[in-house]
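Biologist: Could you give me a close look at one part of this model, namely the inner space and whatever is packed around it? I'd like it connected up rather than as a list.

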Amino acid sequence: MNETPLETHMLSCEREPLHRSGAIQGFGTLLHLNREQRLTHRAANLGEFLPEQANLRPGDTLPPALQDVLAVPLTALPDTPGARREYPALLANEDGVLDAVLSRGPEGIVVEFTRPDDAHRRSGAHRHQVGLLRTPENEHELQAYHQRLADAVREESGFDRVMIYRFHEDWSGEVVAESASGRLGSYLGLHFPASDIPAIARNLYLVNPSRLIPDVAAAPVPLLGLTPEPPDLTWSDLRSVSPVHLQYLTHMGAGASFSIAIKIAGKLWGLVACHHLAPRAISLTTRRHCVDLARGHALGLTAWLAQSRLRFIDALEHRVNRIVETLTHSPDALEHLPACAPALIELTGAVSFALALDDEIIQIGEGLELPALQTLDHVFCNTVPDIIWHTAHLAGEHPELPPSPIAGILAFKGRTRSGRHLRGYWMRPEVPLEVTWAGNPDKPVEIRDGIPGLSPRHSFEKWVEIKRGLATPWNNEARMVALRLRGALIALL
C-alpha cells in the first residue's frame, strides 16, 4: 500500500536525527573533543562563557588553562558511550563560576559549561527524598505518592506547573498528578496522543536523565566544526530543540520547560513534565536534585509494581487451581466447563468464555455466534503464530466476521499432554470509551510550499472523544491469566 504524503512526512519526523542537530541551546556552551582530545567542534557562543577562549578553533589542542581544569574529569570519564560526569563550579573566571558536564559519545567527548544562575534555590530535596522512600501499599497511597513527587519537584525547581505524565501501552499519555499555581488551569486526568512525544524523542529520554529548555523563544546556537558533519549530541544537556516541539510549547503557553524521565526496569514509564510561563533557567545542581527525586520515586514505584504483581500471581494460582480441580472430576473437560463458568469469566473480567478441543467448541456466557466463533477459531489456528493473542477492536482487525456486540478477544492455544489441539477465548462487549484529551489529538495539517506537514495543535482545552467499536483493553494481568490457564489445561488434558 502506497503511503500518503502526510504519512511520509510523519515517518520522516520519526527519523529526524535530533541527536545530530548541529546546534545547542544558548544557556551554555559546548566543546567536542575527539579521542586524542583535540577539538573537533565548538559552539559559536564560546566567548560568552569563556572569553579567554574566544579564539579557540576546531582542530586546535586544548589551551593549558583548559587542560589543567579538565585533566581530572577527562581521566575519570569511563570509556563507554553514555558515560557522564557532573562537576558543579568546576571552573571560575572573571564572570563567575561555571558548572561542567562531560559525556562520552561514539566519536569523542562532549564538554558543556553552564552558569549556576538559579534565582530560586531550594534546600528541601533531602526532606522530600525521605518522603519518597515509603512504598505505597494501595491505590490511594499510590496516587498520593505521585502527588508527592509533583509537589517536591515544583518546590525544588520553582516551575509554575509540574505534571506526572504516565505512558500507556500505545504510548499515548495521561497526567496522573499535578502541582500548579492557582492562576493556571489544570491538565490533571487529560490524555495526550502518542505523536506528542514521538519514538525518537522517547528513546532520547531513556539515555538522558533530564531535558531543560529554559527559553522557548531563544534562537539555537550553531556548532562550528572541522567538517559539516555535526557531532553526536545524544547525551548532551544543551542539544537544540526541534522547532515543532518549540511551537508545541508555545501553544501551551510555556516560556520554559523541564522534563525528567521516570524509568522502570530500564523502560520509560513516564515523565515529570514541568512548565513555566516565563523563561526560567535552573542550575545543574537543581536539575540533579530533581533527577534524584524522580529516581527515588521510581524505586518506590518499582517496589509497588513488584508487590502488586506478586499479590496478583498468588491470587491467580488459587483461582486457576480451583478451576483445574473442578475439571479434574470428569474425563471430559468440556462436559464440566459450565460448572466453572463464573470463575473462568471472572478471571479476566469478560462476559463469555469458549474452550475448544480439536473440533469441539463449547461456549459459556453471551459471546460470538457459533459460526462467527468457528471462523475466528480457524483464523487464529491457521494465521496467528502467537500462542497468546488479543484485540480490543475485533471488527477493525477482522471485518470479515458478521457484526456482533463482541469487540474484545483474548485467546490462547497449544497442544495438550495427550496431543489434543487446545484453544481458549475470552470475549468482551463493545464499551463506548470516553477519552478526555488535552485538545484535539488529531494533528492539524499545514501546507507549506505545497508540502503537507504536521503542526502542533493550537488549543489544549478539554476535548472529549467517544470511541466506538472497542472493548476494554486487555492488560498485562489478563494476558498473564491466559498464559497461566493455558499451561494448567495443557498439563491436565
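Modeller: Here is a walk from the inner space out to its sheet and helices.

Two housekeeping points first. The model is predicted, so local features need pLDDT of at least 70 and side-chain atom pairs need 80 or more, while totals for chains, interfaces and linings use all residues. Residues are numbered from 1 along each chain as the sequence is written, and side-chain values use heavy atoms, without hydrogens or water.

Now the space itself. One cavity of 30 Å³ or more turns up; a cavity here is a set of points on a 1 Å grid over the protein atoms alone where a 1.4 Å probe fits but cannot get out. The largest cavity holds about 50 Å³, taken as the space filled by probe spheres set on the points. Its lining (residues with an atom within 4 Å of a point) includes D99, A100 and V101, and also E112, F113 and T114. L284 and R287 join them, and F27, D237 and L238 complete the lining. If you sort that by element, β5 (96-104), β6 (109-114) and α8 (284-328) each give two or more residues; helices (H or I, at least four residues) and strands (E, at least two) are DSSP runs numbered from the N terminus. In β5 you'll find D99, A100 and V101, in β6 there are E112, F113 and T114, and α8 brings L284 and R287.

Chemically the lining is mixed: six nonpolar, one polar and four charged residues. Charged is Asp, Glu, Lys and Arg, nonpolar is Ala, Val, Leu, Ile, Met, Phe, Trp, Tyr, Cys and Pro, and the others, Gly among them, are polar. T114 is the polar one, and the charged residues are D99, E112, D237 and R287.

Both lining strands sit in an open sheet of seven, ordered β1-β11-β3-β2-β6-β5-β4 with antiparallel pairing (two strands pair if DSSP finds at least two bridges between them). The edges are β1 (23-24) and β4 (84-93), each with a single partner strand, so one side of each has no neighbour in the sheet. By that order, β6 has β2 on one side and β5 on the other. Strand β2 (residues 28-33) runs antiparallel to β6, and six bridges join the two. For one place to check that pairing, L33 stands opposite I109 in β6.

Next, what packs on the sheet. Helix α3 (residues 64-76) touches β2, β4, β5 and β6, and its direction makes about 165° with that of β4; contact means heavy atoms within 4.5 Å. The other helix to look at is α8, which lies across β4, β5 and β6 and runs at about 160° to β4. So α8 touches both lining strands, β5 and β6.

Follow α8 to its helix partner, α5 (residues 139-157). The two pack at an angle of about 175°, with axes 9 Å apart; axes are lines fitted to C-alpha atoms over the stretch in contact, and angles run from 0 to 180 degrees between N-to-C directions. That makes α5 and α8 roughly antiparallel (angles over 145 degrees).

On the α5 side the contact uses E139, L142, Y145, H146, L149, A152, V153, E156 and S157. Facing them in α8 are T286, H289, C290, L293, A294, G296, H297, G300, L301 and W304. By class that contact comes to ten nonpolar, seven polar and two charged residues. The charged residues are E139 and E156, both in α5. Among the polar ones are H146 and S157 in α5, and T286, H289 and H297 in α8.

Key. On a 1 Å grid over the protein atoms alone, a cavity is a set of points where a 1.4 Å probe fits but cannot get out, and a pocket is an open set with protein on both sides within 12 Å along at least five of seven lines; lining residues have an atom within 4 Å of a point. Angles under 35 degrees count as roughly parallel, over 145 as roughly antiparallel, 65 to 115 as roughly perpendicular and the rest as oblique.
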